[in-house]
Amino acid sequence: MSEFVAAIDQGTTSSRMMIFDHGGAAVARGQLEFEQILPQAGWVEHDPVAIWDSVRDAIGACLSGDISAEQLAAVGVTNQRETTVVWNPTTGEPYHNAIVWQDTRNDRLVSRHKNEGHEEIVKAKAGLPVATYFAGGKIEWLFEHVDGLREAAHNGEAVFGTTDTWVLWNLTGGTDGGIHVTDVTNASRSMLMDLTTLDWDDELLELFGIPREMLPEIKASSEPDFYGVTRADGPFGRELPLCGILGDQQAATVGQVCYDKGEGKNTYGTGNFMLLNTGTTPVPSENGLLTTLGYKFGDDDPVYCLEGSIAVTGSSIQWLRDQLGIIDDAAESEALANEVDDTGGMVFVPAFSGLFAPYWDSAARGVMVGMSRFNTKAHVARAALEAVCYQSKDVAIAMQQDSGVELDVMKVDGGMTSNDTLMQMQADIAGVPVSKPVVAETTALGAAYAAGLATGFWSGTDELRDNWLEDKRWEPQWSDDQREAGYDRWKRAIERTRDWVDVEDA
């Protein structure tokens with residue numbers, strides 16, 4: 001009897017598999033980190049083979065306990081969006097390391113598109129600004145820098161996928177018949193898909209010089225007809241239906257049961273991502289947000305979202321650990337920050353990959369301002385946590401302006417929500433209560449929901465709503481004056497990041 005649904009969560013710093021029961025509770029998990037490759041400033045890469053190895057090993061670790069693959073009804077996949085893999089479908093060999101969503105190497109190509117007036121076309125059709133963030137520009141960079149790749153793509157010898165596509169191709173056989181598919185949410189992050197037709201758009205493909213034949217087939221996020229099945233000789237050891245795909249932030253939106261217009265969530269991970277359900281009609285943004293697919297369940301109408309994407313939040317804590325060495329473990333940031341009552345007047349803006357929403361300034365660079373000899377590593381840690389919250393406040397304000405929806409509670413999820421100090425800061429800075437569900441890792445849960453809906457494991461979204469339970473709530477404690485003064489300091493620090501000029505560009 002099928003008692004559980006599995007979800008593969010292929011993230012930016014690790015891959016995991018989680019297994020959920022009918023009540024939405026996590027009953028097993030396996031997780032492995034993989035190397036972050038940083039060839040030079042602004043460049044972030046992953047080895048696609050290492051990604052697949054980590055997925056395969058995470059599946060093995062998850063199934064090493066009391067639950068077996070025979071008890072699974074279906075498998076869903078969620079993934080780091082925009083991260084770009086191009087490989088040879090005959091040999092299975094990648095042509096280059098995966099270019100990660102945070103990577104800014106194609107900033108000059110982005111500037112060229114803007115100067116040639118292409119941004120309005122991309123916004124009108126794809127709902128996105130022309131930015132280094134999205135997959136289409138990363139493919140374009142690879143074409144310009146990998147010898148023979150453009151020709152290989154036109155000849156069917158090179159195919160593209162975000163990491164969901166790469167994982168599914170390997171799970172279903174790889175060079176021996178692997179499927180080449182993605183879903184509407186991942187396709188909507190490429191600058192190549194029309195938001196209304198839900199198909200690759202010829203005009204957009206021509207702008208970026210990308211042949212249609214290298215792109216995966218676009219499917220629904222929850223697919224009753226299945227995308228394919230896992231190979232019996234693969235890591236599951238049996239055939240299982242693969243029938244749910246969601247980009248990670250859309251998966252968290254599904255896991256947070258934001259199924260009605262006006263409902264939204266904020267996920268705290270490597271970056272932060274706030275999504276607001278805007279219903280079955282795309283809403284253009286006038287305030288620096290993205291118009292994106294939220295999800296599409298089977299033959300139902302697609303649901304759209306406004307999204308505020310922040311590049312560096314959790315990864316700034318990793319930076320404190322790995323580059324500065326002021327903590328040994330990410331969890332230590334909370335205790336260190338609590339050694340002081342405030343930041344001692346300093347503000348940290350971690351614009352390591354430029355500024356994402358709502359500014360979209362790829363030339364911006366990280367700054368720490370307001371420092372004196374009084375400041376200690378505890379102040380730096382506290383400023384890093386505050387930066388997470390102020391960036392989310394920027395996005396919340398833009399979302400209110402675009403949608404007209406007043407934020408009355410912030411639903412949160414992701415690994416950083418275990419930091420009580422951070423969550424209290426977020427309530428204080430945003431000026432609204434912050435609510436965390438019992439299952440904080442809603443990204444994997446959303447992928448499981450998508451797969452389980454496709455197979456009838458769950459009957460519909462009403463049943464999923466019944467699974468959602470609040471674990472903890474943080475109420476704002478700051479006065480309006482404190483909130484206003486802190487945000488004014490933040491906005492002045494943002495301007496400093498945008499004043500920076502690299503010597504090479506001066």
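Trainee: Is Ser 353 buried or exposed?
Mentor: This is a predicted model: local features need pLDDT of at least 70, side-chain atom pairs count only at pLDDT 80 or more, and totals for chains, interfaces and linings use all residues. Residues are numbered from 1 along each chain as its sequence is written, and side-chain values use heavy atoms, leaving out hydrogens and water. Buried means under 20% relative accessible area, exposed over 50%, and partly exposed in between, with a 1.4 Å probe and protein chains only. Ser 353 has 8% relative accessibility, so it counts as buried.

Trainee: Where along the chain is Ser 353 found?
Mentor: Use the numbered helices and strands as signposts. They are DSSP runs (H or I of at least four residues for helices, E of at least two for strands), numbered from the N terminus. Ser 353 is in the loop between β19 (347–349) and β20 (367–369).

Trainee: Which residues is Ser 353 in contact with, leaving aside neighbours within four places in sequence?
Mentor: Contact means heavy atoms within 4.5 Å. Ile 310 is 43 residues from Ser 353 in sequence, with 9.7 Å between their C-alpha atoms. The contacts of Ser 353 beyond four places are Gln 102, Thr 104, Ala 311 and Val 312.

Trainee: Which peptide bond is cis, with omega near -5°?
Mentor: Stay in the loop between β19 and β20, where Pro 358 also has its place. The cis bond leads into this proline. It runs from Ala 357 to Pro 358.

Trainee: Which residues does Ser 315 touch, not counting those up to four places away?
Mentor: Ser 315 has its place in helix α10 (residues 314–324). Its relative accessibility is 12%, so it counts as buried. Ser 315 touches Gln 102, Gly 269 and Thr 270.

Trainee: Which residues touch the most other members of the largest nonpolar core?
Mentor: A nonpolar core is a set of buried Ala, Val, Leu, Ile, Met, Phe, Trp, Tyr and Cys residues joined through side-chain atoms within 4.5 Å. The largest one has 104 residues. Its members with the most such partners are Tyr 133, Ile 210, Met 214, Val 349 and Trp 490.

Trainee: Which helix gives the most to this core?
Mentor: Look at residues 377–403. They form a helix that supplies 14 residues to the core. That helix is α12.

Trainee: How many residues are in the other core?
Mentor: This core lies apart from the largest one. Ile 59, Leu 63, Val 159 and Leu 171 are among its members. Its residue count is 34.

Trainee: How far apart are the C-alpha atoms of Trp 490 and Val 347?
Mentor: Trp 490 lies in helix α16 (residues 480–499). At 1% relative accessibility, Trp 490 counts as buried. Its contacts beyond four places in sequence include Val 347, Tyr 359 and Asp 394. Trp 490 and Val 347 are 143 residues apart along the chain, yet the C-alpha separation is 6.7 Å.

Trainee: How many residues of helix α9 are buried?
Mentor: Helix α9 covers residues 248–255. Asp 248, Thr 253 and Gly 255 are among its buried residues. The helix is largely enclosed by the rest of the structure, because the buried count is eight of the eight.

Trainee: What is the phi of Glu 82?
Mentor: Glu 82 lies in the loop between β5 (72–79) and β6 (85–87). It counts as buried, at 1% relative accessibility. Glu 82 is not a glycine, but its phi is positive, at about 70°.

Trainee: And what is the phi of Leu 198?
Mentor: Leu 198 has its place in the loop between β10 (193–194) and β11 (199–200). At 16% relative accessibility, it counts as buried. Leu 198 is not a glycine either, and its positive phi is about 60°.

Trainee: What is the radius of gyration of the protein?
Mentor: The protein has 16 helices and 23 strands. For its 506 residues, the globule rule gives 23 Å. That rule is 2.2 Å times the number of residues to the power 0.38, and the radius is taken over C-alpha atoms. The protein is as compact as a globular protein of that length, because its radius of gyration is close to the rule, at 22 Å.

Trainee: What share of the residues count as buried?
Mentor: Take the contacts between residues at least 6 apart in sequence: 72% join residues at least 24 apart. Now take the burial of the 506 residues. The buried share is 61%.
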